[in-house]
Amino acid sequence: MVDTAERVPSATPSSTPAKAPEPARTAQTAPTGAAPRVDVEALGRQLLGEWAEARLASRELSSRPEMQKQEGLSVADHRTRVFGQLKLLVENGQVHRAFPKSVGGREDNGGNIAAFEELVAADPSVQIKSGVQWGLFGSAVMHLGTEEHHKKYLPAIMSLDVPGAFAMTETGHGSDVASVATTATYDPETQEFVIDTPFRGAWKDYLGNAAVDATAAVVFAQLITKNVNHGVHAFYVPIRDANGDFLPGIGGEDDGQKGGLNGIDNGRLHFTGVRIPRTDLLNRYGDVAEDGTYTSPIESPGRRFFTMLGTLVQGRVSLDGSAVIAAKIGLKIAITYGDQRRQFTAGSDSDEEVILDYQRHQRRLLPLLATTYAASFAHEVFLKKFDDVFSGKTDTDTDRQDLETIAAALKPLSTWHALDTLQEAREACGGSGFLTENRLTSLRQDLDIWVTFEGDNNVLLQLVAKRLLTDYSRKFAKADAGALARYVVTQAAGKAYHGTGLRSAAQTVRDFGSTARAVNWLQEPTTQRELLTARVETMIAQIAGRLRPASKLGKKAAADLFNSQQNELIEAARAHAELLQWEAFTDALEQAPDAGTKQVLTWLRDLFGFGLIEKHLAWYLMNGRLSPQRAQAVRAYIDRLLTRIRPHAVDLVDAFGYGPELVRAKIASGAEAERQAEARAYYAERRAAGTLPTQEKSQKKR
């Protein structure tokens with residue numbers, strides 16, 4: 001069906017939102033003659049996902065004033081307040097969800113993450129400090145230790161009697177955990193491990209809780225026994241006494257004031273000859289006998305290392321989700337304000353216009369709204385996968401590898417998106433957006449670190465790309481000569497077809513004289529999926545081809561060759577993650593509560609898909625995937641989608657479910673609407689009374 005909806009010009013907005021054009025896909029629309037409407041309440045229930053109860057309980061807790069961030073506190077006061085808020089979390093019991101039932105937990109992994117993510121609305125410092133205590137320190141003991149460690153250490157960790165640090169990162173080794181320089185050398189005579197940081201770059205750094213509160217830490221170090229290095233393992237290490245003083249051999253520094261999250265006492269730790277019992281090795285994946293003999297259920301050192309780190313993937317899961325929530329709050333503020341704030345009189349002689357009616361304002365905010373919905377639906381799929389793995393429902397090596405790949409793909413996109421959204425929201429709210437009382441600047445400062453902790457985003461995307469390359473090579477690992485020959489012929493034909501303009505010419509002939517015909521082809525889900533998938537597959541195939549000579553090169557030359565493709569690898573991984581988000585959004589359409597909501601969400605999904613195609617339009621043109629005519633249609637249809645979505649923008653952010661007590665921004669509280677109503681009433685009254693002075697311009701015309 002050709003999309004015949006007329007595009008409403010947006011250069012001169014009206015004072016009321018334009019009516020959405022009649023949609024082309026009538027099977028997904030409201031009854032004939034009626035504009036689609038969003039069922040805010042039902043859509044809100046869908047967005048809450050599988051762990052709605054946990055999310056709502058956490059939001060209720062986050063709504064309490066004593067749990068919320070107080071702006072303007074000193075670093076010391078903010079830290080004190082946040083530590084007190086952790087005690088409130090203990091009293092509430094939510095932080096115990098994921099722990100074993102044997103120690104008073106509920107073994108509810110998905111509900112635990114869902115509730116944890118929602119704490120970002122209260123104060124990101126509360127969320128991350130609780131994540132350090134229970135999501136990192138406690139989880140390391142739970143996942144890397146055995147039953148004896150659980151009984152011995154988890155109750156005090158859960159009750160906050162033992163605040164702890166997660167001592168993995170070093171000043172000299174951030175994302176490269178396998179190369180940390182801290183050592184744990186076994187002494188068979190005393191049956192102790194001796195922990196050392198041999199030089200300044202080996203100090204454990206940026207550790208939450210380390211500067212003030214932590215009395216113990218899980219320390220990651222190279223395990224050495226019988227003069228053999230068995231790689232990175234985790235050790236439970238007491239670091240302070242009851243008075244808060246460092247124990248012998250342990251020292252540290254306060255990281256001081258940061259660019260955000262100043263409610264967390266980040267600090268550095270160093271160790272000199274610190275001895276701990278042999279039994280304080282968290283030995284689920286590797287153990288040392290009294291005589292120093294090392295054993296492990298996983299023979300491969302590399303696989304053992306990645307298995308141990310994979311058990312801690314929940315940090316990336318929760319960052320993905322909380323980044324999406326921050327973006328939702330930012331858009332709730334900016335779109336609510338944009339729907340109330342009036343400026344200029346482009347379409348009226350009297351009333352000023354609502355700024356969200358301006359096309360440029362829609363271009364700034366609505367694509368971000370579409371991406372936020374895509375990221376939200378993708379996160380729900382991600383969270384279910386995490387829960388399935390950690391509950392044991394589908395816990396195979398392949399499932400864990402898939403989970404780690406999804407985590408490494410989605411966390412970068414959502415955290416970058418959150419920062420971009422908060423910055424654009426800040427600018428879209430003008431001077432009001434710069435005021436601390438309206439939260440946007442504060443949220444952005446706190447989330448800035450999201451893009452580099454739990455794995456630098458660029459490094460994570462390299463991991464995704466390596467997995468894609470591995471899967472690509474496996475596809476042809478056992479292929480016979482005939483299969484490979486057919487593949488080569490197919491690739492060659494495809495290259496000839498796409499690269500010589502044949503496809504472009506065919507598209508142009510088909511679409512000649514009709515932008516609507518080009519749009520109709522592009523808006524089909526199968527077309528969007530094909531374009532997004534083709535980009536990933538083509539990029540991976542091209543990279544694999546360039547890297548093929550590496551197997552015949554020396555180690556240095558092979559490394560140089562791989563490095564030459566690093567940027568392309570990251571771009572391919574990002575394209576893969578974008579495809580995951582688009583797929584999740586498309587699948588979520590089938591769960592829409594009614595036809596009207598589904599239609600609006602379909603437009604929003606199309607805006608997300610078209611936005612991805614527009615962002616990479618040069619690639620599609622250069623690779624012959626789109627003709628110039630269809631490339632022009634992409635931008636034209638985005639403009640049309642903005643007009644359709646505009647009347648529903650406020651409903652779409654209201655469906656996020658964050659009320660005034662969680663948003664806590666004055667410009668999103670209705671105060672702006674009251675000011676505008678007062679101003680309009682003032683001028684209307686004076687016009688009616690004939691007491692408005694005549695404008696100089698009007699006198700000159702007469």
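Two strands count as paired if DSSP finds at least two bridges between them. This report applies that rule to a predicted model, then turns to salt bridges, helices and loops.

## Strands E1 and E5

Strand E1 covers residues 164-167. Strand E5 covers residues 216-225. The two run parallel and share 4 bridges. In one of these strands, E5, Val219 is the bridge partner of Ala167.

In a regular strand, side chains alternate between the two faces of the sheet. E1 can be read residue by residue. Gly164 and Phe166 point one way. Ala165 and Ala167 point the other way. Each of these four residues is buried.

The loop that leads into E1 starts from helix H6 (147-158) and holds Leu160. Most residues other than glycine have a negative phi. Leu160 is not a glycine, yet its phi is positive, at about 75°. Leu160 is also buried, with a relative accessible area of 8%.

Leu261 is another residue with a positive phi that is not a glycine; its value is near 55°. Its loop lies between strand E7 (250-254) and strand E8 (267-271). Leu261 is buried at 4% relative accessible area.

## Salt bridges

The model holds 40 salt bridges. Three of them are listed here.

| Pair | Closest N to O distance |
|---|---|
| Lys69 and Asp446 | 2.9 Å |
| Arg363 and Glu614 | 3.1 Å |
| Lys598 and Glu590 | 3.6 Å |

Take Lys69 and Asp446, a salt bridge with its closest N and O atoms 2.9 Å apart. This pair links distant parts of the chain, 377 residues apart. Lys69 sits in the loop between helix H2 (52-62) and helix H3 (75-92). Asp446 belongs to helix H12 (residues 440-447). Is Lys69 buried or exposed? Lys69 has 19% relative accessibility, and buried means under 20%, so Lys69 counts as buried. Asp446 is buried too, with a relative accessible area of 3%.

Next, Arg363 and Glu614 form a salt bridge at 3.1 Å between the closest N and O atoms. This pair also links distant parts of the chain, 251 residues apart. Arg363 is in helix H9 (residues 359-391), and Glu614 is in helix H20 (residues 595-615). Arg363 has 22% relative accessibility and counts as partly exposed. Glu614, at 16%, counts as buried.

In the third pair, the side chains of Lys598 and Glu590 meet. Lys598 counts as buried at 19% relative accessibility. Glu590 is exposed, with a relative accessible area of 57%.

Salt bridges also join up into a network. Arg55, Arg59, Glu117 and Glu118 are linked in this way. Glu117 has a further role in the contact list of Ser318, a residue of helix H8 (residues 314-338). Leaving aside neighbours within four places in sequence, Ser318 contacts Ile113, Phe116, Glu117 and Gln127. Ser318 counts as buried, at 5% relative accessibility.

## Helices H9 and H22

H9 is the helix that carries Arg363. Where does H9 bend? The bend is at Leu365, by about 25°, and a proline, Pro367, follows within four residues. How does the span of H9 compare with expectation? At 1.5 Å a residue, its 33 residues should span 48 Å, and the end C-alpha atoms are 47 Å apart, so the two values agree. Just after H9 comes Gly392, with a positive phi of about 90°.

Helix H22 (residues 628-645) passes the span check as well. Its 18 residues should span 26 Å, and its end C-alpha atoms are 26 Å apart, which agrees. H22 is mostly covered, with 14 of its 18 residues buried.

## The loop at Gln565

Gln565 lies in the loop between helix H18 (555-564) and helix H19 (566-589). Gln565 counts as buried, at 8% relative accessibility. Its side chain makes a polar contact of 3.5 Å with the side chain of Ser564. Which residues does Gln565 touch, not counting those up to four places away in sequence? They are Ile543, Arg546 and Leu547.

Key: Residues are numbered from 1 along each chain as its sequence is written. This is a predicted model: local features need pLDDT of at least 70, side-chain atom pairs count only at pLDDT 80 or more; totals for chains, interfaces and linings use all residues. Side-chain values use heavy atoms; hydrogens and water are left out. Buried means under 20% relative accessible area, exposed over 50%, partly exposed in between (1.4 Å probe, protein chains only). A salt bridge is a side-chain nitrogen of Lys or Arg within 4 Å of a carboxyl oxygen of Asp or Glu. The expected span of a helix is 1.5 Å times one less than its number of residues. The bend at a residue is the angle between axes fitted to the seven residues ending there and the seven starting there. A polar contact is a pair of N or O atoms within 3.5 Å; within protein, one must be able to donate a hydrogen and the other to accept it, and residues adjacent in sequence count only if both atoms are side-chain atoms. Contact means heavy atoms within 4.5 Å.
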